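The following paragraphs offer a guided reading of a protein model. Please keep the sequence and the three-dimensional view at hand while reading.

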Amino acid sequence: IGYLLYQIYGSVNSVNVTGSVTDHTFSLLQDIEHPTLSLFAKDGGVYQGVYNGGVVNTLEINAVVDDFVRYTANVIAKQATSNADTPSYDTEYDFIGKDITVKVASTEGGLSGATALKLKELNITFDTGAIADHTFGSYNPDDIYNAKMTIEGSFVKNYIDDTFKDLFTADTAVYMQIKIEGDAVLASSNRPTITIVLNKVQIQNWERSGANDELATETVDFKAFYNNTDGEQSSIVLRNVTTEYEIES
């Protein structure tokens with residue numbers, strides 16, 4: 001997923017933690033031209049090609065308590081050309097619901113000591129508003145741009161108090177951290193981790209549900225905004241054994 005995050009954010013700083021373990025911090029490049037992806041497709045012995053100039057239009061991460069954490073990426077790229085590379089497969093690390101910790105706090109520093117929310121479902125979508133710029137003389141777009149950066153999501157939890165209802169009605173902003181940490185040990189107790197920090201989250205909608213013979217739950221829709229004080233909307237740290245991410249523009 002690091003390549004997708006690099007394309008979405010456009011900037012990455014990779015720092016070695018220990019041994020083969022590296023932290024990759026993704027921050028938003030203030031430019032509509034981000035590094036692009038080459039997507040290799042192989043369908044048995046029937047078809048094999050490469051799609052260059054790929055830009056992630058949307059990336060959606062979904063999680064529930066009884067299934068794998070999954071993501072769906074929508075990518076816009078140029079027409080495929082033939083390719084004969086031999087596919088290779090790296091070790092991948094699966095995440096499940098128990099691996100997720102979500103916290104909110106009034107300050108970024110307060111996230112570390114905040115109590116984790118007991119969620120049942122979580123969805124978060126990154127939308128770059130990708131624009132394919134077509135011109136005369138070619139089916140291929142002349143270029144594909146990252147036109148915006150919108151992050152929205154929702155979660156479901158038991159309704160135990162009015163915290164999120166009050167945030168919604170008062171239009172109060174908070175910080176949010178979504179951390180996904182797997183069980184696999186990479187080196188020296190370090191584990192594969194995705195940590196998302198949203199610097200200004202506002203609740204867009206709040207709903208309560210549950211009949212007399214059911215647990216009362218609340219569904220909370222949220223959106224991340226640019227924080228003027230911090231000078232950013234969000235950042236992501238990915239910990240894995242990839243040394244660096246290099247993508248040709």
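**Aromatic rings, buried and exposed**

At 15% relative accessibility, Trp 206 counts as buried, because the cut-off for a buried residue is a relative accessible area under 20%. The model discussed here is a predicted one, and Trp 206 introduces a theme that recurs in it, the aromatic pair.

A pair of aromatic rings is described by the distance of the centres and the angle of the planes. A search of the whole structure finds six such aromatic pairs. Consider the rings of Tyr 9 and Phe 126: their centres lie 6.5 Å apart and their planes meet at 65 degrees, so the pair is edge-to-face. Distant parts of the chain are linked by this pair, since Tyr 9 belongs to helix α1 (residues 2–9) and Phe 126 to strand β8 (residues 119–127), 117 residues apart. Is Tyr 9 buried or exposed? Tyr 9 is buried, with a relative accessible area of 0%. Phe 126, at 1% relative accessibility, counts as buried too.

The partner of Trp 206 is Tyr 159, and the two rings form an edge-to-face pair with 5.6 Å from centre to centre and 65 degrees between the planes. This pair also links distant parts of the chain: Tyr 159 sits in the loop between β11 (150–158) and α2 (163–170), whereas Trp 206 lies in strand β13 (residues 193–209), 47 residues apart. While Trp 206 is buried, Tyr 159 is partly exposed, because its relative accessible area is 24% and the range for partly exposed residues runs between the 20% and 50% cut-offs. Aromatic residues also gather in a group: Tyr 3, Phe 26 and Tyr 245 form one aromatic cluster.

Attention now returns to helix α1. How many of the eight residues of α1 are buried? Seven of them are, and the helix is mostly covered. The buried residues are Gly 2, Leu 4, Leu 5, Tyr 6, Gln 7, Ile 8 and Tyr 9. After the helix comes Gly 10, which has a positive phi, near 85 degrees.

The last stop is on the surface. Which residues form a nonpolar patch there? Val 46, Tyr 47 and Tyr 51 do, and together they have about 300 Å² of accessible area. Tyr 47 has its place in strand β4 (residues 47–64). With a relative accessibility of 35%, Tyr 47 counts as partly exposed, whereas Tyr 9 in the helix is buried at 0%.

How values were computed. Residues are numbered from 1 along each chain as its sequence is written. This is a predicted model: local features need pLDDT of at least 70, side-chain atom pairs count only at pLDDT 80 or more; totals for chains, interfaces and linings use all residues. Side-chain values use heavy atoms; hydrogens and water are left out. Patches are made of residues with over 30% relative accessible area and no salt bridge: like charges are joined within 9 Å, nonpolar side chains (Val, Leu, Ile, Met, Phe, Trp, Tyr) within 5 Å. Accessible areas come from the Shrake-Rupley method with a 1.4 Å probe; for residues, only the protein chains shown count as cover. A salt bridge is a side-chain nitrogen of Lys or Arg within 4 Å of a carboxyl oxygen of Asp or Glu. Helices (H or I, at least four residues) and strands (E, at least two) are DSSP runs, numbered from the N terminus. Buried means under 20% relative accessible area, exposed over 50%, partly exposed in between (1.4 Å probe, protein chains only). Rings of Phe, Tyr and Trp (its six-membered ring) pair if their centres lie within 6.5 Å; planes under 30 degrees apart count as stacked, over 60 as edge-to-face and the rest as tilted.
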